[in-house]
Amino acid sequence: MKDTFYINLSTADHLGIGLFKYALVPEEKFLFANSTLAQMLAYFSKKELKNDKFADLFFAYKDKEEFLSILKRDGSIKFFETLFKDKTGKKLWVAITASRVAEEGNSEYVEGIIENISKHKEMEEKLALEKDFLQSLLDNIPDAIYFKDRNNRIVKVNKFYAQGAGLDPDQIVGKTDFDFFPWDQAQKMVDDDNYVLNTGKPIIGKIERTILRNGTWNQVITTKMPMYDRSGNIIGTMGVTRDMTAYANLERERLEMLINGLTVLAKALEMRDPYTFTHNRNVAIIAEKIGRALGWDENRILGIRLAGELHDLGKISIPLDILNKPGKLSDLEYELVKEHVSRCYDLIKDMKFPFSLAETIYQHHERIDGSGYPRGLSMDKVILEARILAVSDVLESMTSHRPYREALGLDKALEELKQGSGTKYDSKIVEAIFSLIDGNDKKPFWINN
Ligand SMILES: [Fe+2]
Ligand SMILES: [Fe+2]
């Protein structure tokens, strides 16, 4: 036996959903409709609605047929979504839940509820549209986009990423960077993800080199951001990686042209003053090794290397007999020698490099306690590149032979650096020098390099 629920008529009129009872046999007509249903369908009154046919409310003939056939087949229907047209002809989305009741004596009717789901449908369509929009953005953008969970596992990637990996986007879900990149490279990526997860801070525009499936290296720029749930908890990371190889190659070509120009200057110095030329080259090797020990990227390494190669180029303007004078220089002569810094700075200050080349050279005789020249800058004001160059410069000069004196030797040079560590020289760089020398059997690591 079917459960039956009776409701007071005045209560029925105040419900938020439409109620109806509609006779199918012997004659199609409304037996009951509440006020909510009449209002929903823009009828003036329940009475007015009852003069119309239920079947005429359907906007599409096929929906009406489907509704009636399910009802006939199953005896009931749940949440049948369809378009109705109201009294004014306006379309609205409704959901009908109804049962067919057959009574003795051949009479048959349908009773049920009708809900207005237009707002819900509108929202659903809006969301679907927004989803389509985001999906088409994800699928058409020529950048790799990826979402990862808190365990660095990939949750979703776009088509571009999948193409790069040679898989379908769905095949990538659940994998990690270790499935696609060499171990050390993947580890760096995961370290970055964990930084974002643990600090909540984004990594913006990090330039890295990655190896592709075909074995070639490319240069990419990556941005990683934290992803939050609605309560503000970090649930994973989102990353965008753009291939910059073509741009980087162009930049490299431009850079090579500049470097070629500077090489000519360095060659001119070599002809006139081979000692300073060799000194520059050795300082460049030392500084580069320190940069690598500090984990710098290739661009920064190139910058410090070039700064080393050119740092004493300004000596080209100083008379050789002063440069090579044995014994102590007079105050005037010393002032003249000091000018090599600003001379070199003036030569290259207008060249545009992706690193601070001119400033590094300008500061290579500064000391972190402020006792250096030309500006007497102290620690924070002296850029790291210049602090590295300063230490490399002292180490090279003291260990090499000059026309006016013999080499003082590695021990003396290391003693000087140790004495001045933390006062004249950046202690971290002095430490790096000591470990580089230790790692080279306690011998100079820049000779025969
Ligand atoms: Fe110098
Ligand atoms: Fe020097």
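**Strand partners and helix angles, argued from the numbers**

Modeller: In β10, Thr237 is the bridge partner of Pro226. This is a predicted model, by the way.

Biologist: What makes β9 and β10 a pair of strands?

Modeller: Strands count as paired when DSSP finds at least two bridges between them. Here β9 (residues 217-228) and β10 (residues 234-243) are joined by nine bridges, so they pass the cut-off. The two run antiparallel.

Biologist: What is the strand order in the open sheet of five strands that includes β10?

Modeller: The order is β7-β6-β10-β9-β8, with antiparallel pairing. β7 (154-157) and β8 (203-211) are its edge strands, each pairing on one side only. From one strand to the next, the twist averages 25°. Helix α8 (residues 183-199) packs on this sheet and touches β6 (144-149), β8, β9 and β10. The direction of α8 makes about 25° with that of β9.

Biologist: How do you know that β6 and β7 pair?

Modeller: They share three bridges, and the requirement is at least two, so the pair holds up. The sense is antiparallel, and Lys148 stands opposite Ile154 in β7. In the hairpin made by these strands, four residues lie between them, and Asn152 takes a positive phi near 65°.

Biologist: Now the other open sheet. Why do β2 and β3 each have one side left without a neighbour?

Modeller: The strand order there is β2-β1-β5-β4-β3, with antiparallel pairing. β2 (29-33) and β3 (76-85) stand at the edges with a single partner strand each, so one side of each lacks a neighbour in the sheet. The twist in this sheet averages 30° from one strand to the next.

Biologist: How many bridges join β4 to β5?

Modeller: Nine, between β4 (residues 91-102) and β5 (residues 108-116), which run antiparallel. For instance, Ser99 has Glu111 of β5 as its bridge partner. Helix α4 (residues 61-74) packs on the sheet, where it touches β3, β4 and β5. Its direction makes about 165° with that of β3.

Biologist: And what makes β3 and β4 a pair?

Modeller: Eight bridges join them; the cut-off asks for at least two, so that's a pair, running antiparallel. Lys85 has Lys91 of β4 as its bridge partner. The two strands form a hairpin with five residues between them, and Gly89 in the turn has a positive phi of about 95°.

Biologist: On to helices. Why is α16 called roughly antiparallel to α17?

Modeller: Helix α16 (residues 384-399) and helix α17 (residues 410-420) pack at about 150°, with their axes 8 Å apart. Angles over 145 degrees count as roughly antiparallel, so that's the label α16 gets relative to α17. The crossing is right-handed. In the contact, Val391, Val394, Leu395, Met398 and Thr399 of α16 meet Leu410, Lys412, Ala413, Glu416 and Leu417 of α17. By class, that's seven nonpolar, one polar and two charged residues.

Biologist: Then why are α10 and α18 described as roughly perpendicular?

Modeller: Helix α10 (residues 274-293) and helix α18 (residues 427-438) pack at about 100°, their axes 10 Å apart. The window for roughly perpendicular is 65 to 115 degrees, and the pair therefore earns that name. Lys289, Ile290 and Ala293 of α10 meet Ile429, Ala432 and Leu436 of α18. This contact has five nonpolar residues, no polar ones and one charged.

Biologist: Why are α11 and α16 called oblique?

Modeller: Helix α11 (residues 298-310) and α16 pack at about 45°, with axes 11 Å apart. Roughly parallel needs an angle under 35 degrees, and roughly perpendicular starts at 65. The angle fits neither of those, so the two are oblique to each other. α11 passes α16 in a right-handed crossing. Gly303, Ile304, Ala307 and Gly308 of α11 meet Glu385, Ile388, Leu389 and Ser392 of α16. The class count is four nonpolar, three polar and one charged.

Biologist: What makes three polar residues in the contact of α11 with α16?

Modeller: Gly counts as polar in this scheme, so Gly303 and Gly308 go in that class. Ser392 joins them because Ser isn't on the nonpolar or charged list.

Biologist: Last one: which domains is the protein chain divided into?

Modeller: Domain 1 (9-117), domain 2 (141-243) and domain 3 (251-438). The C-alpha centres of domain 1 and domain 2 lie 54 Å apart.

Terms used: Residues are numbered from 1 along each chain as its sequence is written. Chains are lettered from A and ligands numbered from 1 in the order in which they are written. This is a predicted model: local features need pLDDT of at least 70, side-chain atom pairs count only at pLDDT 80 or more; totals for chains, interfaces and linings use all residues. Axes are lines fitted to C-alpha atoms, for helices over the stretch in contact, and angles run from 0 to 180 degrees between N-to-C directions. A crossing is left-handed if the near helix is turned anticlockwise from the far one by less than a right angle, and right-handed if clockwise. Two residues are in contact if their C-beta atoms, placed from the backbone, lie within 7 Å. Domain bounds come from an automatic or database domain assignment.
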